[in-house]
Amino acid sequence: KNLTLVNRLKISGLSLNTITSKNNLISNKFNGYKFVVSGVFKDFTREELKHMIISNGGEITSSISNKTSYILAGDNMGPAKLIKAESLNISIINEKELIQILYD
């Protein structure tokens with residue numbers, strides 16, 4: 001619960017760092033990774049999740065391709081996206097797994 005609260009505060013603009021980069025990145029943890037965000041989420045809004053990815057160096061794309069690193073999937077993810085992701089062997093993660101990857 002505390003981690004969720006801290007993440008929401010960061011997403012809302014609270015800066016816990018005194019050093020900022022020209023791109024206002026929190027970290028480079030997702031540098032080079034491309035994410036497709038699909039479905040409905042429980043703990044965060046879609047925009048909060050996208051901001052979390054971008055502020056940690058990741059990129060958001062709207063369509064799945066062989067360059068996609070992860071599908072961030074919530075409830076009711078489209079079946080066509082699921083089939084395409086599976087056919088390309090792209091990792092499908094949920095919002096809790098995203099947080100685990102970010103803070104590991």
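## Starting with the sheet

Two strands count as paired if DSSP finds at least two bridges between them. With that in hand, take β3 and β4: they pair in the parallel sense over three bridges. Within that pairing, Y70 in β3 has S91 in β4 as its bridge partner. Keep in mind as you look around that this is a predicted model.

Now zoom out. The sheet is an open one with four strands, in the order β2-β1-β3-β4, and the pairing is parallel. At the edges you'll find β2 (59–60) and β4 (91–93), each of which pairs on one side only. If you're wondering what holds such strands together, strands of a sheet pair through backbone hydrogen bonds, either parallel or antiparallel.

## A closer look at β3

On its other side, β3 (residues 70–73) meets β1 (residues 34–38), and these two pair in the parallel sense over four bridges. You can pick out partners here too: V36 is bridged to I71 in β3, while V37 stands opposite L72.

So which residues of β3 are buried on each side? Y70 and L72 are buried on one side, and I71 and A73 are buried on the other, with both faces of the strand covered.

## Helices lying across the strands

Two helices lie across the strands β1, β3 and β4. One is α3 (residues 79–87), which runs at about 135° to β4. The other is α4, which lies across those strands at about 105° to β4.

## Helix α1 and its buried face

Helix α1 covers residues 2–11, and its buried residues are N7, K10 and I11. Look down the axis of α1 and these buried residues fall within an arc of 95°, so they line one face of the helix. What do the buried residues of α1 pack against? They pack against α2 (46–54) and α4 (95–103).

## Where α1 meets α2

How are α1 and α2 arranged relative to each other? Their axes are 10 Å apart, and the helices pack at an angle of about 80°. Angles of 65 to 115 degrees count as roughly perpendicular, and α1 and α2 are therefore roughly perpendicular to each other.

As for who touches whom, N7, R8 and I11 come from α1, and they meet E48, H51 and M52 in α2. The residues of this contact are a mix: two nonpolar, two polar and two charged.

## The buried side of α2

In α2, the buried residues are E48, L49, M52 and I53. They cover an arc of only 135° around the axis, which puts them on the same side of α2. Plenty of elements help to cover them, including α1, β1, β2, β3 and α4.

## Two asparagines to spot in the loops

Finally, look for two residues in the loops. N76 lies in the loop between β3 and α3. Its phi is near 65°, a positive value in a residue other than glycine. Is N76 buried or exposed? Exposed means over 50% relative accessible area, and N76 has 70% relative accessibility, so it counts as exposed.

N89 sits in the loop between α3 and β4. N89 is not a glycine, but its phi is positive too, at about 55°. With 71% relative accessibility, N89 counts as exposed.

How values were computed:
Residues are numbered from 1 along each chain as its sequence is written. This is a predicted model: local features need pLDDT of at least 70, side-chain atom pairs count only at pLDDT 80 or more; totals for chains, interfaces and linings use all residues. Side-chain values use heavy atoms; hydrogens and water are left out. Buried means under 20% relative accessible area, exposed over 50%, partly exposed in between (1.4 Å probe, protein chains only). The arc is that of the directions from the helix axis to the C-beta atoms. Contact means heavy atoms within 4.5 Å. Axes are lines fitted to C-alpha atoms, for helices over the stretch in contact, and angles run from 0 to 180 degrees between N-to-C directions. Angles under 35 degrees count as roughly parallel, over 145 as roughly antiparallel, 65 to 115 as roughly perpendicular and the rest as oblique. Ala, Val, Leu, Ile, Met, Phe, Trp, Tyr, Cys and Pro count as nonpolar, Asp, Glu, Lys and Arg as charged, and the others, Gly among them, as polar.
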